[in-house]
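Here are a few notes to read alongside the structure. Please keep the 3D view open and look for each point as you go.

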Amino acid sequence: MKNNTYIYLLIMALVTYLIRVLPLTIIKKQIKNKFIRSFLYYVPYVTLAVMTFPAIITATQSPASGIIAFLTGLLVAFFDANLFKVAVSCCVSVFISELVLPMIGLI
């Protein structure tokens, strides 16, 4: 069983290395296709969103307050608030929803 762990780690390291090196070795010239360029531009943002969204919902005492915080963050960010204001508004909305939701019987 112990040897399998090292094999799994080696395969994981190899795959991670190949994912980073192959595009540099295969593609020699600049990418001019607008669709591919825009796709590659948004990959880091989408990856961050996919990793962060479940944590937003599950980090609070109840999923309802996490959803309220998420919607609050979207609304505040939509009106061009900076990151600090978005974070503070999300924290305040979680605090208030964690106080109010049990009182009205939603948690």
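1. Let us start with burial. Buried residues account for 14% of the 107 residues in the chain. Please keep in mind that this is a predicted model.

2. Next, the overall fold. What pattern does the chain follow along the sequence? Reading along, you will meet α-α-α-α, with 4 helices and 0 strands in the chain.

3. Now the overall dimensions. For a compact globule of 107 residues, a radius of gyration near 13 Å would be expected, but this chain has 21 Å. Its C-alpha atoms fill a box of roughly 60 × 50 × 20 Å along the principal axes. Try turning the view to find those three directions.

4. Contacts along the sequence deserve a look too. Taking the contacts between residues at least 6 apart in sequence, 44% join residues at least 24 apart.

5. On to the surface. The chain has an accessible surface of about 9,300 Å², and carbon and sulfur atoms contribute 76% of that surface. One nonpolar patch covers about 1,000 Å². Among the residues that make this patch are Phe 84, Val 88, Phe 95, Leu 99, Met 103 and Leu 106.

6. Leu 106 is a good member of the patch to pick out. You will find Leu 106 in the segment after α4, the helix that spans 83-104. Is Leu 106 buried or exposed? Its relative accessibility is 59%, so Leu 106 counts as exposed, the cut-off being over 50%.

7. Ser 89 makes a helpful contrast to study. Ser 89 sits in helix α4. Its relative accessible area is 16%, and because buried means under 20%, Ser 89 is buried. Which residues does Ser 89 touch, leaving aside its neighbours within four places in sequence? They are Thr 72 and Val 76. Gly 73 is 16 residues away from Ser 89 along the chain, yet their C-alpha atoms are separated by 6.8 Å. Within the helix region, look also for the side chain of Ser 89, which reaches the backbone oxygen of Val 86 at 2.8 Å.

8. Finally, visit Asp 80, in the loop between α3 (63-78) and α4. Its phi is near 65°, a positive value in a residue other than glycine. With a relative accessible area of 71%, Asp 80 is exposed. It is worth finding Asp 80 in this loop and then going back to the buried Ser 89 to see both cases for yourself.

Conventions:
Residues are numbered from 1 along each chain as its sequence is written. This is a predicted model: local features need pLDDT of at least 70, side-chain atom pairs count only at pLDDT 80 or more; totals for chains, interfaces and linings use all residues. Side-chain values use heavy atoms; hydrogens and water are left out. Helices (H or I, at least four residues) and strands (E, at least two) are DSSP runs, numbered from the N terminus. The radius of gyration is taken over C-alpha atoms; the globule rule is 2.2 Å times the number of residues to the power 0.38. Buried means under 20% relative accessible area, exposed over 50%, partly exposed in between (1.4 Å probe, protein chains only). Contact means heavy atoms within 4.5 Å. Accessible areas come from the Shrake-Rupley method with a 1.4 Å probe; for residues, only the protein chains shown count as cover. Patches are made of residues with over 30% relative accessible area and no salt bridge: like charges are joined within 9 Å, nonpolar side chains (Val, Leu, Ile, Met, Phe, Trp, Tyr) within 5 Å. A salt bridge is a side-chain nitrogen of Lys or Arg within 4 Å of a carboxyl oxygen of Asp or Glu. A polar contact is a pair of N or O atoms within 3.5 Å; within protein, one must be able to donate a hydrogen and the other to accept it, and residues adjacent in sequence count only if both atoms are side-chain atoms.
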